[in-house]
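User: I would like to go through this structure step by step. Please explain each term when it first appears.

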Amino acid sequence: MVKIMLNKFDEVLNHVEKIVGIIAAIALLGLMIVGVINVTGRFLFDMPFFGATEMSRILMAASFLLVLAGTQARGQHTKMTDVVKHYPVTVRHIIEFIVLFVSLVLFAIMVWRSTQVVMNMWQYGYLVQTLRIPEAPFRIMLPFGAFVLCLELIRQMLHIITKLRYREI
C-alpha cells in the first residue's frame, strides 16, 4: 500500500517537474531573446532594449529557481561523497536522510519567507522600475520553485525510509 502511494506521488511529481522544467526553458529562451534584441538594438540602431536589465534579471532568476527540483531529482547537483563513501550503505542512507531533512527545513523557510515578501509586494503594488509592470507575478517563481524542491526532498526522504524499512539496501 505504501509503495503504491509512493509510486503515485512519484508519477505526479514527475509531471509537475516536467512542466516546471518547460517553464524554466521558456524563461531561458526569453532571456536569450532579450539579450539578442538588446545587443542588436544597441550596436545596429544605437537604441538598447528598454528594460532589458530588469527583464534579464527576472528571467534569469526564474530559469535558475525553477530547475532546482529537477536537478535534485536527477542527482545532478554537487555532492560531497568522499567523506561517506567508506561507510556501510545503511549509514550512508541515514546521513543522506539527515542532509535531505536539513535541506527541507531550510527550503521550507525560504518558501514561507519569500511567499510573505511576494504577498507584501502584491499588496503594496510594487512595480518593475523601468517597465512599470507588477513585480509580484515574476517574484512568485522563488517560492514556487522552492516549494517544488521541497516536494522532491520529501519524495527522496520517503524513498530512503521505504528502503530502510523494507531492507531494500
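The questions and answers below concern salt bridges, the nonpolar core and the surface.

User: What kind of model is this?

Analyst: Residues are numbered from 1 along each chain as its sequence is written, and side-chain values use heavy atoms, with hydrogens and water left out. Local features need pLDDT of at least 70 and side-chain atom pairs count only at pLDDT 80 or more, while totals for chains, interfaces and linings use all residues, since this is a predicted model.

User: How many salt bridges does the structure hold?

Analyst: Side chains of opposite charge can pair when their charged atoms come close. A salt bridge is a side-chain nitrogen of Lys or Arg within 4 Å of a carboxyl oxygen of Asp or Glu. The number of salt bridges in the structure is 6.

User: Why does the salt bridge between R155 and D10 tie together parts that are far apart in sequence, and how many residues apart are they?

Analyst: The closest N and O atoms of R155 and D10 are 3.5 Å apart. Helices are DSSP runs (H or I, at least four residues), numbered from the N terminus. Because R155 lies in helix α6 and D10 in helix α1, the pair ties together parts whose separation in sequence is 145 residues.

User: Are E17 and R155 buried or exposed?

Analyst: E17 and R155 form a salt bridge, with 3.3 Å between the closest N and O atoms. Buried means under 20% relative accessible area, exposed over 50%, and partly exposed in between (1.4 Å probe, protein chains only). R155 has a relative accessible area of 7%, and both E17 and R155 are buried.

User: Which residues are linked in a network of salt bridges?

Analyst: R155 pairs with D10, and E17 pairs with R155. The network of salt bridges links D10, E17, E152 and R155.

User: Which element gives the most to the largest nonpolar core?

Analyst: A nonpolar core is a set of buried Ala, Val, Leu, Ile, Met, Phe, Trp, Tyr and Cys residues joined through side-chain atoms within 4.5 Å. The largest one has 21 residues, of which V34, L59, L66, L100, L104 and L153 touch the most other members. Two or more residues come from each of α1 (2-44), α2 (52-65), α4 and α6 (141-165). With 7 residues, the element that gives the most to this core is α6.

User: Is I98 buried, partly exposed or exposed?

Analyst: I98 is located in helix α4, residues 89-124. Its relative accessibility is 48%, so I98 counts as partly exposed.
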